[in-house]
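Thank you all for making the time this morning. I would like to walk through one chain with you, starting from a single helix and working outwards to the sheets and the aromatic rings.

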Amino acid sequence: MVRIKEGFKGERAIVVPKMITDALERDPMGSALQITDIGFYPAARHHFRERREPISQWVLIYCVDGRGWYTLGATRHEVEAGQCFILPAQLPHAYGADADAPWTIYWVHFKGSLAQHYAEGMAVPQTIPTSADSRIGHRQELFEEIFYTIKQGYGKENMHYAISLFHHFLGTLRYLRLYRSAGAQSNPQGDDAASRAIHYMKENLGCHLTLEQVAQYAGYAPTYFARLFREQVGHPPVGVFQCAEDASGMPDARHHRHENHPNFGQTRHRRPLLLLAPLH
């Protein structure tokens, strides 16, 4: 059986040098929370990692597409798209991608006095479903900003800013209900079919969506939904989805009318939020 730790097409990863992590352990912010490794693995076929000797870091894995699994102690957990989990420090574990539908994951190794607080209850898979107030895209933007900040250098300000962002990132998972509620108040979503569909597409960038899935979320049969969407937006759903995956981002339904969009197959996977950041 083929088993691969890293080296996936399109992956990104950063391992913070030990000299930096040692210094952060003596730093007030770093001793409370610090990132030691961070990355993203897209469609990580044959991904497998086993640690019989425990490590000092907690391991966060957020699956955004495909499937995978992990074992902790004698228990095996299955993981699907839209789920995350945190493996506790100092415990042997193993994890890997599903053979038929390999996962796409964001991952972070972290430690500090607050790590256990953020990881509470997350040793079992936590589901992060798409809903009107889910804010999944915002969480992924946070990840990208953390990754970019560390990539720019290991200076004190860079690491402190990345740590500050990571507090927020972990908080969006630890306090999921409050995170969604706060976002719903500050950025309410439209309630028409097109607005619901565009929100769903934005929340699932990088995933393999079908027209049937989008239509089901919007609450309509696929054929009727496609006609209704085109009437409201001026373009078919696949054209708007393509715009969503373009690096320029996706505006709301009102801004799509009279715009020209490329064909569906031409810009698939351009959007950097889900498909350009590596994880473990």
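Let me begin with a check on geometry: what span should the 19 residues of α5 have at 1.5 Å a residue, and how far apart are its end C-alpha atoms? The expected span is 27 Å and the end C-alpha atoms are 26 Å apart, which agrees. Please keep in mind throughout that this is a predicted model, and that what I quote has been computed from its atoms.

The same check can be made on α4, where 16 residues at 1.5 Å each should span 22 Å, and the end C-alpha atoms, at 23 Å from each other, agree with that. Just after α4 comes Gly153, which has a positive phi of about 150°.

To place these two helices in context, the chain contains eleven helices and ten strands, and of its 280 residues 51% count as buried. If we take the contacts between residues at least 6 apart in sequence, 75% of them join residues that are at least 24 apart.

Now to the sheets. One of them is an open sheet of six strands, ordered β1-β2-β9-β4-β7-β10, and its pairing is antiparallel. At its edges stand β1, residues 12-15, and β10, residues 126-127, and each has a single partner strand, so one side of each is left without a neighbour in the sheet. Inside that order, strand β4 (residues 58-65) and strand β7 (residues 83-87) run antiparallel and are joined by five bridges, with Gln83 in β7 as the bridge partner of Cys63.

The other sheet I want to show is also open, with four strands in the order β3-β8-β5-β6 and antiparallel pairing. Its edge strands are β3 (48-51) and β6 (75-80), each of which pairs on one side only, and from one strand to the next the twist averages 10°. Here, too, five bridges can be counted, between strand β5 (residues 67-72) and strand β8 (residues 93-97), which run antiparallel, and Thr71 stands opposite Ala94 in β8.

Coming back to α4, which strands does this helix lie across? It lies across β1, β2 (34-41), β4 and β9, and it runs at about 115° to β2. Many of you will want to know which side chains are involved in burial, and the buried residues of α4 include Ile136, Leu142, Phe143, Ile146, Phe147 and Ile150, but also Arg139, Gln140 and Glu144. In α5 the buried residues include Met159, His160, Ile163, Phe166, Phe169 and Leu173.

That brings me to the rings, since the structure holds ten aromatic pairs. In the pair of Tyr106 and Phe143, the ring centres are 4.6 Å apart and the planes stand at 65°, over the 60 degrees required, so the pair is edge-to-face. Tyr106 belongs to strand β9 (residues 104-111) and Phe143 to helix α4 (residues 136-151), so this pair ties together parts that are 37 residues apart in sequence. Tyr106, at 2% relative accessibility, counts as buried, and Phe143 is buried with a relative accessible area of 2%.

A second pair again starts from β9: the rings of Phe110 and Phe166 have centres 5.3 Å apart and planes at 70°, so they too are edge-to-face. Because Phe110 lies in strand β9 and Phe166 in helix α5 (residues 156-174), the parts tied together here are 56 residues apart in sequence. Phe110 is buried at 0% relative accessibility, and Phe166 is buried at 1%. Both pairs fall within a cluster in which ring pairs link Phe40, Tyr62, Tyr106, Phe110, Phe143, Phe166 and Phe169.

Finally, two arginines. Where does the charged end of Arg12 sit? It is over the ring of Phe147, 4.3 Å from the ring centre. Arg12 lies in strand β1 and, at 21% relative accessibility, counts as partly exposed, because buried would mean under 20%. Its C-alpha atom is separated by 6.8 Å from that of Tyr41, although the two residues are 29 residues apart along the chain. The other arginine is Arg3, which lies over the face of Phe48 at 4.0 Å from the ring centre.

Definitions and conventions:
Residues numbered from 1 in each chain as written. Predicted model: local features only at pLDDT ≥ 70, side-chain atom pairs only at ≥ 80, totals over all residues. Heavy atoms only, no water. Phe/Tyr/Trp six-rings, centres within 6.5 Å; stacked < 30°, edge-to-face > 60°. Buried < 20%, exposed > 50% of the residue type's maximum accessible area, 1.4 Å probe, protein only. Lys NZ or Arg CZ within 6 Å of the ring centre and 35° of its normal. Pairing = 2+ DSSP bridges. Contact = heavy atoms within 4.5 Å. Axes fitted to C-alpha atoms, helices over the stretch in contact; angles between N-to-C directions. Expected span 1.5 Å × (residues − 1).
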